[in-house]
Each structure stands twice: as C-alpha cells, then as structure tokens.
Amino acid sequence: MSEAQNDLGAEIREIIAHEGPISVERYMGLALTHPTKGYYTTRNPFGAQGDFITAPDISQMFGELLGLWAAQVWIQLGAPAKFLLVELGPGRGALMADALRAAKAVPEFYAAIDVHLIEASDILAELQREALAGCGRPVTWRRTIDDLPPGPAIFLANEFFDALPVRHYVKTAEGWREKLVGLGEEGQLAFGLSGETEPYLKAVAPEGSILEIGAGAQRLMPQSAVRIVTQNGAALAIDYGYDHTGFGETLQAVKAHEFVDPLAEPGEADLTAHVDFAALTRAAQAANAQTLGPISQGEFLHELGILQRAEALKGGASAEQAEDIDSALARLTGAGENEMGELFKVLAITRRGLKDVPGFVPPEDMA
Ligand code: SAH
C-alpha cells in the first residue's frame, strides 16, 4: 500500500496516536497545505500531465474577461487611485497574467493596480513569479488575507474555496456526531465518529444523514466581506458547487485525473469539497455585504462577452487554432457533463448598493 511509504500519512497517524482522532477539517488542511508535505506545497498539480485542469489553463479568455470585470468594478467603486487586486490561490498564475494583459486596455485602472497573491505553496508562488515577470505591476505574496495592507480591494478566487477544509457530521440516534479521522484495526487511517454529540446542531434529518460544513470557507468569507464593506471593494468567487444547502458530503480525492480514496495517500492526491454557495451568501450578508448570484459560469462569461472575444481571437488565427478556441469556449460555457458552464457557479460580493456589477442582473430587476 503506497500510503505506508508516504511521509505525511505516517505523520498524520502519529498525530492521531498522540492526540486521538482528528477532524476532517484538520486532515484536509494537513493533506493540502502541510508546510513541507502537503499536496500543494510539494508540487505543480496542474495541466494534462498533472491531476486537474482549471479554467485559466483552458483559455486566456477566462482571465482576460475577469480582468475587464475588475476594471468595470473599479470604476463603479469610484476609481481609487491605488487599490489591491488580490487573487486567492493563484495556481500557476495564468489567470492574473491574462487579467493584467487585458487591464492595459484601461490605462488608469492598470496604473492603479497593486497585485497581492494569497498562496500557501512556495512552489506555486515560484511559478506565479515566472508567469507575472514583466507584468508591469508590483506583485506581493501573502499567506493569508490577514497579511494584506488596508485599502480598497478587488478579490478574485477561482477554484480556491473548494480547497478550503470542511467538517462532517453524521446524524445518529443520540444526535449529530462529528466524523473524525482515526486509526483502523491495522493502524491505517480510517473514518470514525466522535463519542460526543453536537447539541448546537439543530438540523432535522433522518439517522445516517451527513452534514458538510465549509468550515474554512465560512471563516474566510466574513473576514473578506467585512473588509469589502468597511474599506471598499468587491470579490468574485468561482467554483464547482451548489446553491442550496442540503445533506450529503462531497469530499473527493483526485489523482492523475482519477478519483481515489481520500484517506489513502494524504499529500499525494488533491482533496476538494463542493462549495456551498448558499452558506457563503449567508455569511457575506451577515457581514452586511451585498451578494450577486450565484449564477452559472456559462451565463456569467456570456454576459461579459466571451463570444465576441472568441470571434476577435479567431480573426487572426489558423483553422486549427480557431478549432481550439471553439472547443475552449464550449468547455468553459457549455452545459454538458465535462463542461464547466453549468457546473461552476459565480458569486459576487460588494459593498451594499454598488450598481452595475458586470455579469449580474441588478438585484432590483430580478424576479
Ligand atoms: N486559481 C487557480 C488554482 C486553483 S488550485 C486556477 O484556477 O488554476 C488552489 C490554489 O489555492 C493553489 O494555488 C493552492 O496552492 C492554493 N491554496 C489552497 N489552499 C490554500 C490556503 N489555505 N491558503 C492559501 N492558498 C491555498
């Protein structure tokens, strides 16, 4: 079993042997961002050779349109002479590089940009440095949003919230109990249930139901929303997720484009959970922010003019390149099973009353 050779698996088993079973949240955090043995901190997971492909890898159009979204939002925010353009979890840095290139079309916006990248992985930070070399704007790396300087800020997060750790609870005859990662009979990592119940969890559900709580996301969202409300700004979160909180768990592990057991090889497989956009919306609104959406990625990109952008790119392209552009367009906006248009959702957070946020129908016009 390869887990036996895996350093991080051994370290986690040792933690459990000393401290007792750990939450799924702690397990997921260690597996993804342990400083020296985590999945993101030890590799570049992206691309056809890696474990998964994301929208900015599929086409430059994605980052370009987000850059132009930010430019329009910046105007709505009152065009501050300096502001932070923050990306959470920038991966290879392609989104920000494409966004900044597109931003040059709005020179005053471009000149106001101070780029801040929130990144847990030094390896990925290095790739981001290469991708942004010569981008023409100052770039600073930060571990968390607490490390950001004050001021107006526009946040972009693509496939970031799904990497934030979740907690799981299971309904038993006595009440909700937290699902924990402990040691099985052969000393292997195994799921179990806490001996204690969680009396503050009131959700009514049949025995055996599972409740997944986006613990990491629900800490980050109020922090970002408070900042947006008090210091001016906006945020865009794009992710695979759902817009009604329900029961069931979505934790999954992917290695080399295949699903694997989430406990088998901590640090070697990507772990994600679908994003609960309803919970994010409630958290942002509780901090007095305005939320727009979630809407589908397909609808959002169409509103931002992806068809026109694709046509413009095809204007100077060979027949083969034109075919690539069309297939990227379908992948980003299509409603099929292997396409992102319907599966991915887009949520915007702004200070209250901000008007004309591109891509979204204003709240008062909605049915
Ligand atoms: N946005 C990119 C990458 C998504 S993968 C894209 O669309 O391609 C998730 C990214 O978030 C990686 O860069 C990973 O290293 C980073 N990350 C994951 N958990 C993090 C955390 N808790 N704090 C900071 N960065 C994190």
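**Notes on the ligand site and D98**

1. An oxygen atom of the ligand sits 3.0 Å from a polar backbone atom of G91, which counts as a polar contact (a pair of N or O atoms within 3.5 Å; within protein, one must be able to donate a hydrogen and the other to accept it, and residues adjacent in sequence count only if both atoms are side-chain atoms). The protein covers 92% of the 570 Å² of accessible area that the ligand has on its own (Shrake-Rupley method, 1.4 Å probe).

2. Before going on, a word on the source: this is a predicted model, where local features need pLDDT of at least 70, side-chain atom pairs count only at pLDDT 80 or more, and totals for chains, interfaces and linings use all residues. Numbering runs from 1 along each chain as its sequence is written, and side-chain values use heavy atoms, with hydrogens and water left out.

3. Back to the ligand: a backbone N or O atom of G89 is 2.7 Å from one of its nitrogen atoms. For E119, a side-chain N or O atom comes 2.5 Å from a ligand oxygen.

4. In total, 18 residues surround the ligand, with T54, G89, G91, E119 and N158 the closest (a heavy atom within 4 Å).

5. Now D98, which belongs to helix 5, residues 94-103. D98 counts as buried because its relative accessibility is 9% (buried means under 20% relative accessible area, with a 1.4 Å probe and protein chains only).

6. The side chains of D98 and R101 share a polar contact of 3.1 Å. Beyond four places in sequence, D98 touches P56, S59, Q60, G63 and E64 (contact: heavy atoms within 4.5 Å).

Conventions:
Helices (H or I, at least four residues) and strands (E, at least two) are DSSP runs, numbered from the N terminus. Buried means under 20% relative accessible area, exposed over 50%, partly exposed in between (1.4 Å probe, protein chains only).
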